[in-house]
Amino acid sequence: MYKGHNEPVYCVKWHPTIDNVFASCSEDWTIRIWTQKETKHVIKLDNGTKPIRNIQWSKYSENLLLSITDAAIDIWDLTASM
């Protein structure tokens with residue numbers, strides 16, 4: 001069991017090219033990046049304003065993640081964090 005989000009989780013996506021890495025998004029305004037071997041997230045991204053309804057890894061860059069809220073699409077560059 002993975003623990004981290006404080007509200008309902010809307011989406012979980014495996015990374016398309018990095019084994020054992022996945023991301024989740026939630027009503028708690030955060031995206032969390034996980035490795036399959038750890039039960040706690042390794043990266044926490046917080047937009048601080050709205051629930052994140054959906055996420056998608058980029059098909060063109062392994063360090064980019066897109067998120068969708070009710071009002072915006074955000075692009076997260078994880079280059080420094082991964």
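Strands here are DSSP runs of E with at least two residues, and helices are runs of H or I with at least four, both numbered from the N terminus. With that in hand, let's walk through this predicted model, starting from the whole chain and working inwards.

By those criteria the protein chain has seven strands and zero helices. Reading along the sequence therefore gives the pattern β-β-β-β-β-β-β. How compact is the protein chain for its length? Its radius of gyration is 12 Å, close to the 12 Å given by the globule rule for 82 residues, so the chain is as compact as a globular protein of that length. If you align the C-alpha trace to its principal axes, the spans come out at about 30 × 30 × 20 Å.

Next, the surface and the contacts. The accessible surface of the protein chain is about 5200 Å², and carbon and sulfur atoms contribute 51% of that area. Of the 82 residues, 37% count as buried. For contacts with a separation of 6 or more, 35% are between residues that sit 24 or more positions apart.

Now let's step inside. The largest nonpolar core is made of 14 residues, and I31, I33, I55 and L65 have the most contacts within it. Which strands each supply at least two residues of this core? They are strand 2, strand 3, strand 4 (43-46) and strand 5 (54-57). Strand 2 gives the most, with three residues.

L65 is a good place to pause and look around. Setting aside its neighbours within four places in sequence, L65 is in contact with a list of residues that includes I31, I33 and I55, the other three named above for having the most contacts inside the core. Also among the contacts of L65 are A23, L45, W57, I75, W76 and L78, together with Q56 and D74.

Finally, turn to a polar residue, D28. Where does D28 sit? Its place is in the loop between strand 2 (21-26) and strand 3 (30-35). Is D28 buried or exposed? The relative accessibility of D28 is 13%, and the limit for buried is under 20%, so D28 counts as buried. Apart from neighbours within four places in sequence, the residues in contact with D28 are G4, H5, N6 and E7. Two of these offer polar partners to the D28 side chain: the side chain of H5 makes a polar contact with it at 3.2 Å, and the backbone nitrogen of N6 lies 3.0 Å from one of its polar atoms.

Note on methods
Residues are numbered from 1 along each chain as its sequence is written. This is a predicted model: local features need pLDDT of at least 70, side-chain atom pairs count only at pLDDT 80 or more; totals for chains, interfaces and linings use all residues. Side-chain values use heavy atoms; hydrogens and water are left out. Buried means under 20% relative accessible area, exposed over 50%, partly exposed in between (1.4 Å probe, protein chains only). A polar contact is a pair of N or O atoms within 3.5 Å; within protein, one must be able to donate a hydrogen and the other to accept it, and residues adjacent in sequence count only if both atoms are side-chain atoms. Contact means heavy atoms within 4.5 Å. A nonpolar core is a set of buried Ala, Val, Leu, Ile, Met, Phe, Trp, Tyr and Cys residues joined through side-chain atoms within 4.5 Å. The radius of gyration is taken over C-alpha atoms; the globule rule is 2.2 Å times the number of residues to the power 0.38. Accessible areas come from the Shrake-Rupley method with a 1.4 Å probe; for residues, only the protein chains shown count as cover.
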